[in-house]
Amino acid sequence: MAPLRIATRLVLVLSAAVAAVVLAYSLISIEQRATLLRDALIRETETLARTLQIVAENDAGESGGEELNRVLEGVLADPETYAAVTIDDAERVLSGGTDGGTDGGTECLDAILRDLPSTTAEAQGWTECDERVRWVLLPSGTAGAAVLLARRATLLERDVNASRLRLLLLTLVLAGTAAIVIFFVLHRALSAPLGEILRGVHLLGTAGGAERVVVPPAAGELHELGAAFNRMADQLDARRRSLLRQGAERLAMERQLREAETFAVAGRLTGGVLHELGSPLAVIGMRVDAIADHAAATPQLRSQSEAIRAELDRIAKLIEGLMRITRHHEIALEPVDVAGIVRAVVAELQPRCREAGIEPLLRLPGFPIMVSGHAVLIRHAIFNLANNAVQALARHPGEKRLIFRVERQETAVCVVVEDTGPGIPMHHLERVFEPFFTTKGISGGTGLGLGISRSIAEEHGGTLSIGPGADGGTRAALELPAERAF
Ligand SMILES: Nc1ncnc2c1ncn2[C@@H]1O[C@H](COP(=O)(O)OP(=O)(O)OP(=O)(O)O)[C@@H](O)[C@H]1O
Ligand SMILES: [Mg+2]
């Protein structure tokens, strides 16, 4: 059997205590009442017996017993009188009699007479036959006969029994009422607040720690317990969030370290190769140009030379990008208006936007926003971000919104490029800065754009972050230190 709840136990104990107190109080009252009634019966019987004795004495001299018989009949007519008799010294009944008793006999009178010590001395007592009677014997005086009066205690017993029944009902009603009142008081003061705190404790581990308990101030100490629980839950919540944050930061740091290591190794290996490639490529370029410019060159030869020149330019660009990612360069800083650069980039991309049905929105202040930087590099970085957004929106069937914002912060300037394109899946997000990571296929992109932009940001002492946009899509934020005094 499941153990009883605290409130149920308290209801039972308190109700039992109330019932016990009521019962004890009532029993004492009944006992007092029974004593009072018993005393009254004793006094009444004695007084009535003395009256009979006076009548008997008067009557003996005057009417020869007629008056006494009439009075005895009158006394016997009272349902409480069991026997009213006069007896001689041999205990024989001279006048009067019994009312017949419950069984019509004289059993009780016989029993009283049997127990009588004598008829010459005054005596009184209780006799228990088929009913309980109080009797009084007054000895013979001038009348020459003793008076014996016996009266029933039925009224007294009926009264006591009725009181007992009332007591039982009263106890039941009071105990029931007490149980209901105690239940409601305990429910409000104990069960409900305890249940609420218990619910909070259960949910603490399951609901991500967001659960708090509401215990009304009327619950006293339990209200304080609820408040203490909420404070503890807040602390746990803060600790859990800080652990999660630390975990995420550690992961990000480990990833950055891995990337940095990869870049460093790749940089050392490729740096030299790329540097060595520069001179032969320049020579090839010059030779190709010479062939194309030669007077004897046919149109076919010229077009072949131009194709080679285009590929050479592409290789040179790739090398330049790789060199930027793998090695940071010292750059010459000058005051640059970032808002102006954003306008220039948007103007450059405008034809492609029109073609793809993209409407760029510029949220820029009407005045220049200055940073200390390298205008060409900053333009290159912003162009890469905008170019990615245009490419993503061009192949996106849904809404095509492209927003540019330049925000002046306390010590930095933030350029935000936000699109409503397909967004970047979580498992790609952590790889977008890796060199050669692209989802655009071999002919689509080199996978160097974001890496180059981040290197440019870092060369300026800034950062580049990329993540989900407010309305889906992607949000890229390039943060550059605000202009310093030169
Ligand atoms: N705004 C964007 N919306 C959706 N995906 C994006 C966005 N920006 C970047 N990406 C994803 O990040 C990848 C890497 O971008 P990154 O600019 O470095 O290279 P790329 O655009 O593929 O090639 P490129 O070197 O020509 O820029 C992309 O291939 C694309 O999957
Ligand atoms: Mg790109």
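This is a short walk through a predicted model, one selection at a time.

**Stop 1: strand 1 and Thr 86**

Start by selecting residues 81-87, which make up strand 1, and pick out Thr 86 within that strand. Is Thr 86 buried or exposed? With a relative accessible area of 4%, Thr 86 falls under the 20% cut-off and therefore counts as buried. Now show what surrounds this residue: leaving aside residues up to four places away in sequence, Thr 86 touches Leu 68, Arg 92, Val 93, Leu 94, Ser 95, Ala 145, Ala 146 and Val 147. One of these neighbours deserves a distance label, since the side chains of Thr 86 and Ser 95 are joined by a polar contact of 2.5 Å. Before moving on, zoom out and find Arg 302. From Thr 86 to Arg 302 there are 216 residues in sequence, and the C-alpha atoms of the two lie 168 Å apart in space.

**Stop 2: the loop with Glu 131**

Next, select Glu 131, in the loop between strand 3 (123-128) and strand 4 (132-138). Glu 131 is buried too, with a relative accessible area of 9%. Add Arg 152 to the selection, and you can draw a polar contact of 2.7 Å between its side chain and that of Glu 131.

**Stop 3: the five-stranded sheet**

Now jump to residues 359-363, strand 7, and bring in the rest of its sheet. In what order do the strands lie? The order is 7-9-10-12-11, in an open sheet of five strands with mixed pairing. Strand 7 and strand 11 (463-468) are at the edges; each has a single partner strand, so one side of each has no neighbour in the sheet. On average, neighbouring strands here are turned by 15° against each other, direction ignored.

Step across the sheet from the strand 7 edge:

- Strand 7 runs parallel to strand 9 (residues 401-408), and five bridges join the two. Label Arg 363 and, opposite it in strand 9, Arg 405.
- Strand 10 (residues 412-419) pairs with strand 9 in the antiparallel sense, over seven bridges. These two strands form a hairpin, with three residues between them. Look for Arg 408 and its bridge partner in strand 10, Val 413.
- Strand 12 (residues 474-481) is antiparallel to strand 10, with eight bridges between them. Here Asp 419 stands opposite Thr 474 of strand 12.

**Stop 4: the helices on the sheet**

Keep the sheet on screen and add helix 8, residues 375-394. Which strands does helix 8 touch? Helix 8 packs on the sheet against strand 9, strand 10, strand 11 and strand 12, and its direction makes about 20° with that of strand 10. Then add helix 11, residues 449-459. Helix 11 lies across strand 11 and strand 12, at about 135° to strand 11.

**Stop 5: where the two helices meet**

Finally, hide the strands and keep the helix pair. Helix 8 and helix 11 pack at an angle of about 145°, their axes 9 Å apart, and their crossing is left-handed. To see the contact, show side chains on both helices. Helix 8 contributes Leu 377, Ile 378, His 380, Ala 381, Asn 384, Leu 385 and Asn 388, which meet Gly 449, Leu 450, Ile 452, Ser 453, Ile 456 and Glu 459 of helix 11. Colouring this contact by class gives seven nonpolar, five polar and one charged residues.

Terms used: Residues are numbered from 1 along each chain as its sequence is written. Chains are lettered from A and ligands numbered from 1 in the order in which they are written. This is a predicted model: local features need pLDDT of at least 70, side-chain atom pairs count only at pLDDT 80 or more; totals for chains, interfaces and linings use all residues. Side-chain values use heavy atoms; hydrogens and water are left out. Axes are lines fitted to C-alpha atoms, for helices over the stretch in contact, and angles run from 0 to 180 degrees between N-to-C directions. Helices (H or I, at least four residues) and strands (E, at least two) are DSSP runs, numbered from the N terminus. A crossing is left-handed if the near helix is turned anticlockwise from the far one by less than a right angle, and right-handed if clockwise. Contact means heavy atoms within 4.5 Å. Ala, Val, Leu, Ile, Met, Phe, Trp, Tyr, Cys and Pro count as nonpolar, Asp, Glu, Lys and Arg as charged, and the others, Gly among them, as polar. Two strands pair if DSSP finds at least two bridges between them. Buried means under 20% relative accessible area, exposed over 50%, partly exposed in between (1.4 Å probe, protein chains only). A polar contact is a pair of N or O atoms within 3.5 Å; within protein, one must be able to donate a hydrogen and the other to accept it, and residues adjacent in sequence count only if both atoms are side-chain atoms.
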